Amino acid sequence: MRFATTMLAAASLLALVGPAFAADAPGVAATEIKIGNTMPYSGPASAYGVIGKGEAAFFKMVNDKGGVAGHKIDFISVDDGYNPAKTVEQVRKLVEQDNVAFLFNTLGTPTNSAIQKYLNVKKIPQLFVATGADKWGEYKQFRWTMGWQPSYRTEAEIYAHYILREKPNAKIAVLYQNDDFGKDYVAGLKDGLGNKYSKMVVKEASYEVTDPTIDSQVVSLQASGADTLVTAATPKFAAQTIRKVYDIGWKPLHFMTNVSISVGSVMVPAGMEKGVGIISATYGKDPTDPTWANDAGMNEWRAFMKKYIPDADLKDANYVYAYGVALTMLHVLEQCKGDFSRENVMKQAADIKNLDIPTLLPGIKVSTSPTNYHPIRQMQLEKWDGKTWVLFGKVMGNAGG
Amino acid sequence: MQAFLHQVLSGIATGGIYASIALALVMIYQATNHVNFAQGEMATFSTYIAWKLIDIGFPYWIAFLITLVFAFAAGVAIERVIVRPFYKAPVLSVVAVFIGLLLIINALSGAFFSYTIKPFPSPFPTDAWYASPYLSSHEVGMIFVTLAVLAAVFAFFRFTPLGLAMRAAAENPVSSRLVGVRVGWMLALGWGLAGLIGAVAGMMTAPIVYLDPYMMFGILLYGFAGALLGGIDNAWGAVLGGFIVGVLQNLAGAYLVGTELMVTVALVIIIGILVVKPSGLFGRTIVTRV
Amino acid sequence: MAILDTPRPAATALFAGLSLRTWKLLGLALTLVVACVLPFVITSYELLLVTQVIVYAIALLGLNILTGYNGQFSLGHGAFYAIGAYVTAILLDKTGIPYWATIPIAGVICLVVGFLFGLPSLRLEGHYLALATFALAVATPQLLKFKDFDFLTGGVQGIVITAPSSPGLPMRDDQWLYFFCLLWTIPLFVLAWNLLRGRTGRALVAIRDHPLAAATMGIDLARYKSITFGVSAMYTGIAGALGALLAQFVSPDSFDFFLSIRFLVGIVIGGLASMTGAFFGAVFIEFVPNLADYLSKAAPQAIYGIVLIGCMYLMPNGVMGLIRRLGRHLGRLVAR
């Protein structure tokens with residue numbers, strides 16, 4: 001134990017010799033603030049590890065510019081392998097050993113569920129958790145936990161309302177990944193369709209991440225006679241679904257989760273002509289969408305990537321996500337005006353007023369208040385036309401709390 | 001009825017994927033009496049090499065051939081450098097080594113090629129005469145390739161002196177040495193051939209499931225199940241086992257318990273069959289006499 | 001087995017005046033003293049890690065009884081760990097049963113499940129048994145996520161547990177939990193030790209090494225093998241239950257099939273057919289992933305794999321194999 005402890009302490013990049021941490025602001029020294037984070041750098045979810053990589057690079061950029069209020073950011077990100085038992089261990093280490101000021105963008109629903117009670121009891125901010133589950137906005141019960149992205153449930157509700165409005169006699173089929181991500185969508189559809197759910201949804205099919213293909217599920221769903229399909233799948237399976245649906249000659253009204261609409265990672269592999277007509281809702285800009293090829297906000301992101309992570313895959317939307325959420329964090333830190341006590345950090349996080357993030361869609365803002373812990377609640381519908389995503393309708397959901 | 005047929009055919013297509021990796025497992029088992037858990041990762045890595053070659057601009061078949069050479073060489077190298085020192089180690093230590101190998105190769109795939117999925121081209125034209133709404137042209141082509149590889153493997157072990165030497169080396173290394181079989185080289189050759197078959201499996205599978213570092217994860221499991229179901233000491237049994245697993249999964253999901261318990265039920269059925277026929281459906285039953 | 005190859009010094013040999021047996025007992029006593037003092041001198045986080053090591057050691061002992069001593073290959077012990085954990089979690093969540101009572105209940109349930117699983121598995125050998133146990137490891141998370149069981153298992157969201165609090169003793173809650181786990185470790189290890197050094201142990205080893213001869217000698221293969229499965233599952237189930245109290249959270253994602261792989265790695269590293277080896281194995285599977293993460297952010301898994309292969313190269317019979325070999329060489333030098 002002693003060996004591991006010593007090694008980890010020695011490895012801390014900005015380890016100052018005997019930093020004096022203020023008793024009322026743990027994790028904060030005169031010129032440094034420590035932020036803790038857990039990410040799946042190993043295991044089947046390691047694709048999301050690049051988010052941590054993006055954030056580390058972002059905070060390096062902030063430090064290169066002088067830090068925040070004279071404080072450099074020590075971003076300590078550790079691997080939890082998407083295993084909640086490991087997350088508990090790592091967060092305890094971050095809090096009790098590394099003395100971080102707070103946790104930022106910890107990833108995963110079960111992983112965050114495992115540490116939520118501990119952090120709230122200890123009054124440590126659990127900010128901008130990287131999951132779309134709906135439960136991270138419960139400001140009454142868990143005052144110290146806050147989400148960031150629009151929840152999957154909100155998104156599914158948007159689809160449900162669209163269906164009720166445009167195609168009230170639809171027969172709906174649902175394909176979902178059998179984990180918290182997929183199941184949240186099903187819950188959202190139930191919320192959105194209300195008591196019409198059992199009449200309208202004629203078939204649900206799930207798949208496991210370890211399944212090689214979803215062909216069987218798609219065939220079953222088509223056989224149910226449905227004319228509308230809602231797909232809650234991660235990129236690999238989404239691409240397979242789009243292709244299979246086209247190949248078997250099924251032409252449903254197809255809704256695709258926002259997680260899997262990347263042009264480069266999903267639409268191109270699936271076959272760009274095969275996804276024509278698919279509807280999704282989004283809140284951020286797709287790095288591979290030609291619409292944003294010359295967009296100022298995305299160019300800012302591209303410049304950052306080129307300088308700080310030059311070997312990264314620019315098609316990976318996770319890097320865009322990391323930039324957006326890290327920028328939100330920076331804004332909160334700047335709003336703290338030097339007082340980085342946990343109480344104040346949480347107060348400022350719950351007081352974001354119409355923040356404009358360059359990687360979010362125009363018109364979508366980040367806002368929080370003591371009674372609104374869903375920083376981003378707006379989305380806009382878009383339709384795939386074979387070459388790009390075309391936004392339509394208005395930005396939905398309300399920005400304010 | 002149409003839906004049923006569709007499920008069965010779709011199952012055969014998926015089963016083809018399992019069958020192709022099952023062949024690589026059979027090859028390594030026949031050659032070394034070990035089941036190599038890292039086989040899937042080796043196949044994935046080889047497929048990445050092919051992808052990179054095509055990305056740089058090589059035509060498909062050239063990239064295919066270069067990849068086969070690479071996979072063969074890599075298999076031999078891994079055997080000589082990493083696996084050979086453990087020749088006399090207890091079985092479970094060897095398994096641990098395979099697990100370590102799996103982790104390393106998987107991590108390397110992710111580190112070199114990133115985790116975003118990559119489309120992989122298919123050599124079979126999409127509008128071929130054998131395509132249908134039930135089975136795409138690639139799926140049909142893949143089944144034929146698998147059967148061709150199966151025939152080659154079967155012929156190799158059954159009819160060639162080299163194949164016989166390899167089987168002998170695996171079953172009885174001491175006696176084999178006495179009759180002049182170079183046991184060490186037989187093992188290396190076995191690994192090389194398994195790597196080669198794995199690469200073919202990977203390049204056939206990737207167009208369907210898309211290429212990412214975890215491509216072969218689930219497939220290896222079901223390929224393993226299929227190989228055991230059919231009898232792991234038996235090439236065509238393993239292939240048949242792979243097809244059966246594919247169809248079983250689909251039918252279980254569509255008609256028995258729904259997709260949420262599909263995997264569980266399929267595995268339970270497989271275990272049930274194994275309990276009744278412990279060496280697999282077509283495996284050689286070893287009878288011990290006192 | 002390699003342990004039978006190198007000759008050992010005579011049982012009556014003396015080392016610095018004391019017999020080997022006395023040395024071993026002294027070592028054990030020293031370890032116990034250290035174990036009791038430890039929670040008061042290390043930090044809360046470090047105590048968490050040590051307690052986890054103890055819990056893993058119990059799980060590994062369970063697996064070792066089955067695979068190391070009895071030769072039945074299990075790739076699915078993560079399932080029993082999960083069952084034990086969920087039993088505790090569900091009982092604490094839905095009933096008023098006190099936490100300490102959930103442990104033996106978890107143990108008994110796993111004993112029965114393990115035994116029932118062991119019965120059909122009697123006919124399966126080697127790779128086939130590996131597949132069957134592996135199927136168990138893959139099926140368990142799926143069953144835990146099954147929506148019809150959600151009311152019990154909490155589905156993918158899992159169940160949050162309150163940690164047991166120290167019963168009026170002058171120590172923190174987590175120190176109490178450490179001692180609680182230790183209190184389970186001691187009788188479990190003593191029980192295993194008794195079992196394995198007596199007739200049962202010899203029967204198990206005989207079944208592993210030469211089942212035909214064992215059967216000829218009158219050992220009832222079916223009975224021993226299936227009961228061993230049950231007992232092994234019981235140990236790992238109890239470990240799972242304790243682990244749930246430690247993490248204060250259970251969810252299907254905590255028990256993926258990597259857990260079973262880690263257990264297997266643990267017993268191989270620690271040393272098959274060894275009880276002390278369980279602790280070394282537990283230390284490995286608990287700390288090496290952290291080490292790997294520290295060494296490489298880009299590919300921590302690769303580091304883990306390299307360390308694993310390296311350890312196998314240096315000690316093919318695990319840590320205990322190495323210690324025994326060294327001990328024998330040392331013994332021959334020192335013994336009078």
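**Exercise 1.** Find out which domains the assignment gives for chain A, and how far apart their centres lie.

*Solution.* Start with the bounds: domain 1 of chain A covers 2-150 + 297-377, and domain 2 of chain A covers 152-282. Keep in mind that you're looking at a predicted model. Next, take the C-alpha centres of domain 1 and domain 2 of chain A, which lie 31 Å apart. Now turn to where they touch: domain 1 of chain A puts in 11 residues, and domain 2 of chain A puts in 11 residues. Finally, sort the domain 1 side of that contact by class, and you get 6 nonpolar, 2 polar and 3 charged residues.

**Exercise 2.** Work out how the radius of gyration of chain A sits beside the globule rule.

*Solution.* First, get a feel for what's in there: chain A has 13 helices and 12 strands. Its radius of gyration is 21 Å, and the globule rule gives 21 Å for 401 residues, so chain A is as compact as a globular protein of that length. Along the principal axes, the C-alpha atoms of chain A fill a box of roughly 70 × 40 × 40 Å. As for burial, 60% of the 401 residues in chain A are buried. One last step: take the contacts in chain A between residues at least 6 apart in sequence, and 67% of them join residues at least 24 apart.

**Exercise 3.** Describe the side of chain A that touches chain C, and name the element that gives its largest share.

*Solution.* Count the residues: 30 from chain A are in contact with 27 from chain C. On the chain A side, the elements giving two or more residues are α1, β3, α3, α4 and α6. The largest share comes from α3(A), with 8 residues. By class, this side of chain A holds 13 nonpolar, 7 polar and 10 charged residues.

**Exercise 4.** Do the same for the side of chain B that touches chain C.

*Solution.* Here 36 residues of chain B are in contact with 34 residues of chain C. Helices α4, α9 and α11 of chain B each give two or more residues, and α4(B) gives the most, with 14. Sorting this side of chain B yields 29 nonpolar, 6 polar and 1 charged.

**Exercise 5.** Decide whether α1(B) runs roughly parallel or antiparallel to α8(B).

*Solution.* Look at the geometry: α1 (residues 2-32) and α8 (residues 183-209) of chain B pack at about 175 degrees, with axes 8 Å apart. Angles over 145 degrees count as roughly antiparallel, so that's what α1(B) is to α8(B). Their contact has 17 nonpolar, 5 polar and no charged residues.

Terms used. Residues numbered from 1 in each chain as written. Chains lettered and ligands numbered in written order. Predicted model: local features only at pLDDT ≥ 70, side-chain atom pairs only at ≥ 80, totals over all residues. Contact = placed C-beta atoms within 7 Å. Helix = DSSP H or I, 4+ residues; strand = E, 2+ residues; numbered from the N terminus. Nonpolar A, V, L, I, M, F, W, Y, C, P; charged D, E, K, R; others polar. Domains from an automatic or database assignment. Axes fitted to C-alpha atoms, helices over the stretch in contact; angles between N-to-C directions. Parallel < 35°, antiparallel > 145°, perpendicular 65-115°, else oblique. Rg over C-alpha atoms; globule rule 2.2 N^0.38 Å. Buried ≥ 20, exposed ≤ 12 C-beta atoms within 10 Å, placed from the backbone.
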